[in-house]
Amino acid sequence: MRLKGLYKVLFLAALLAFGLGRAALLVPRLALSSPPPTPLFEDREGNFLSDGEAVYGSLGYWDLPDPLPQKVRATVIAIEDRRFETHPGVDARGLVRAFVHGLSGKREGGSTIAMQVARLEFPRPRTLGAKLDEANLALLLTLVHGREKVLRHYLKLIPEGGNLYGISYAARRYFRKPVQDLSWAETSLLLAIPQDPADRSLFRFEGFYTALARAEAILGQLSRMGILDASGLEASKAELAGIPPFYREERPENAYHFVFRVMDEYGMAAARKLMKPLRTSLDPGLQDLASSLAKAAIGRYRALGADNMAVLIADAQTGEVRAYVGSASYFDEANKGSIDYCRVQRSSGSTLKPFLYALGLETGAFGPASIIPDLPLRIQDGKGLYSLTDFDDSYLGPLLYRRALANSRNVPAIRVLQGIGLDEAYAFLGRLGLHDQERGPDFYGYGLAVGGIYTSLDRIVRAYGVLAREGRSYELRFLADSPPQAESALLSENSARMASLFLSDPEARLPSFASTALTNFPFPVAVKTGTSNGFRDAWALGYSRRYVAGIWIGHSGNREMNHVAGSTAAELLLELFKALQPGAVQGIDEEAFPPPRSWQAFRLCPDSGYLAGPHCPHPCLEFLPPGSEPRSTCPVHVVLMVDSRTGEEALPTTPASRLVARSVTLLPPEYAAFSRARGYAIPRSDPGALRDARVDLVAPQDGLRLYIDPETPVRYQTLALRATVSPPIPEILWLVDGKEFARVAYPYEARWPLQAGKHSFQARFPHAEVVSGRVTVTVTPTSP
């Protein structure tokens, strides 16, 4: 025995002498290094979702827990390095035996765990010189780091079949459990792979059964060494026999964009440090639902010029993203499916209007009883003249605040923006995260209300989440069990609640959206659509008490679609919410949006905003804050005595036999043209009211500059003259350059043929000194 010990000392001394001669090569390799660990992502139910970016095609390299799991430690030492606890990193007896057997043609491994670490870190062809280098490096690694660190590093580096490395990572990928929870059978199976990872890969059918056979042999070896007793051996063999073949789990095709988003949001560096799966918020069932919806829909809409769409669903209270479909198909190269359209900046259409209306309530510029005129509107500013129209080129006249939003009229939205102020509105949209304040409010102008801001689906969904959370800040979360949302207030609770009531009221959407998906939601859902100029973008946003969801449809090249509008996207949103809350469709667990605290409901006339009178044809209930309720009854819907022969309001001299009581609609003077077009009653002038009379020009705008088009006949080039008159009179005079141009009757509109030069315009009463202000228009003879 002493002679054998002497041989060991001489062998190690010779080995060390050889190593000293190669110190320049070995010393730089003393660090225990490995590729960075691979993040592993799961959906909220624990299913494999994705691994992170592979380094040189390799995945894994997770650290081992401290202390090392007992089963793993005992098994790896038993099969790889029995004298691990006693030798200095090199087992002289094993090396000599392997060398002698090698001379006789037999192959026997003599490498210790430390030597295998040296080879795993710096793989080289298996020559005698390489073997000696490994032995020397093993001695040095053990001397510098100690046995335990070297063992842990070995278990971090070992190949586990395919492109997986390290037992901790393999435990998660194969068995979906941490390494410390592995059984004897599972441990033996994973440690059966490293010595022949190509032929024992568990992802190959033949490799799986080859590894099983080796694992059973390992269990027998553990039993013979007294590590496993007889009952433990039998139980482990039975468990091993019951392990089914593995298949390689791949990233779900419909979750690519979500995975990339999680990597961006969480950060790859932070994910690598976890050494455990990152449990995301994605609901696999809802992801499949949203993805299937997108694929089926885009198949129908491609004939109409759409080539892609995006869908995002989040929890209304926590912000956790349940479904995230960045495109109809990630691998659709022809339609640029790899682009994540949840993040692409597109024209917002009408989707931002609810935030302006909510801000109007918040600032006090408007109230729920406010009436917003939906009438032709021209606005002159430093950039020129804005001529604003509604999407259907018609006008609805006076609209109650709720109905102006629910009907998504453009002109009322501009009027609300005017009342709030451009700077205030722009700042508020910035606080909601809808823009990055790269350009000031003047860049957008009044386009701020009608699609001028380019933003993305995820940002809009986040902003609607603020309304769903009753004014509190809302962030999209991509990890499960995220901490509670912050409670900073972006809107008062009551303003947000009113916006939800406006958007979830199907009757308020009439007449603009009769018989559309917007009026057919079977339970309370606050919904808003948007269509950008030229039908380039179709949006539908909605939220219930449980979910916030958004849909975008468009073309990757920003081309016009064939009337694919927000109402089209709303049909999909309706289908989506029915699937999200099937119980609510049947009236089970249906949750209504609550009214504002301490506000009371009043019966109002939607044409006047006053308390509804007995002659108002369509009264409605509206919530009003304390102290703001109207004190008067509606003056618009009244009963007048009419001359049955003329159909006009009776005069004091009209015979009693011709007097007929008739309900009529008498709108304020600014609605004169609208009233005439609708056949409403023409108010009779009250001579006694002339002391308060006034006439105001609506068009043209002061400072307007026009150009005569040489290619258009002059007779077709005219300027509209419009005025509001109070009290109504039979006719007014239009003055151009101080001279009478035309005498026109109610509703006082005329058209003036363009003439080159600078011209002034006024309107006046024919028989009283009631005159409007003067506006100036410049007409240039040729186009610029």
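This note goes through a predicted model of one protein chain, moving from the whole chain to single residues.

1. Overall make-up. The protein chain has 784 residues, of which 53% count as buried, and its secondary structure consists of 24 helices and 28 strands. Among contacts with a separation of 6 or more, 67% are between residues that lie 24 or more positions apart.

2. Overall shape. The C-alpha trace of the protein chain spans about 145 × 60 × 45 Å along its principal axes. The radius of gyration of the chain is 40 Å, whereas a compact globule of 784 residues would have a value near 28 Å.

3. Surface and charge. The chain exposes about 35100 Å², and carbon and sulfur atoms supply 52% of that area. There are 87 positive and 83 negative side chains, and the centres of these two sets lie 5 Å apart.

4. An enclosed strand. Strand β16 covers residues 547–554, and because eight of its eight residues are buried, the strand is largely enclosed by the rest of the structure. In a regular strand the side chains alternate between the two faces of the sheet. For β16 both faces are covered, with Y547, A549, I551 and I553 buried on one side and V548, G550, W552 and G554 buried on the other.

5. The partners of β16. Strand β6 (residues 308–315) runs antiparallel to β16 and is joined to it by eight bridges; within this pairing, A314 has V548 as its bridge partner. Strand β15 (residues 537–543) also pairs with β16 in the antiparallel sense, here over seven bridges, and W539 has W552 as its bridge partner in β16. A hairpin of three residues makes the connection from β15 to β16.

6. The loop before β15. F535 is located in the loop between β14 (526–531) and β15, and its phi is near 55°, which is a positive value in a residue other than glycine. With a relative accessibility of 25%, F535 counts as partly exposed, since the partly exposed class runs between 20% and 50%.

7. A second set of paired strands. Strand β23 (residues 718–726) is joined by five bridges to strand β21 (residues 694–699), and the two run antiparallel; in this pair, D696 has T724 of β23 as its bridge partner. Strand β26 (residues 750–753) pairs with β23 as well, in the antiparallel sense and over four bridges, and here A720 stands opposite R751 of β26.

8. Backbone details around these strands. The peptide bond between S726 and P727 is cis, with omega about -5°, and P727 belongs to the loop between β23 and β24 (731–736). Another cis peptide bond leads from Y746 to P747, where omega is near 10°, and P747 is placed in the loop between β25 (739–745) and β26. Y748 also lies in the loop between β25 and β26, and its phi is near 70°, a positive value in a residue other than glycine. Because its relative accessibility is 1%, Y748 counts as buried.

9. A helix residue with distant partners in sequence. I79 is part of helix α3 (residues 70–80), and it counts as buried because its relative accessibility is 14%. Apart from neighbours within four places in sequence, I79 is in contact with L191, R214, I218 and Q221. For I79 and Q221, the separation is 142 residues in sequence but 7.9 Å in space, taken from C-alpha to C-alpha.

Key: Residues are numbered from 1 along each chain as its sequence is written. This is a predicted model: local features need pLDDT of at least 70, side-chain atom pairs count only at pLDDT 80 or more; totals for chains, interfaces and linings use all residues. Side-chain values use heavy atoms; hydrogens and water are left out. Buried means under 20% relative accessible area, exposed over 50%, partly exposed in between (1.4 Å probe, protein chains only). Two strands pair if DSSP finds at least two bridges between them. The radius of gyration is taken over C-alpha atoms; the globule rule is 2.2 Å times the number of residues to the power 0.38. Contact means heavy atoms within 4.5 Å. Accessible areas come from the Shrake-Rupley method with a 1.4 Å probe; for residues, only the protein chains shown count as cover. Lys and Arg count as positive and Asp and Glu as negative; His and the chain ends are not counted. The place of a charge is taken as NZ of Lys, CZ of Arg, CG of Asp or CD of Glu.
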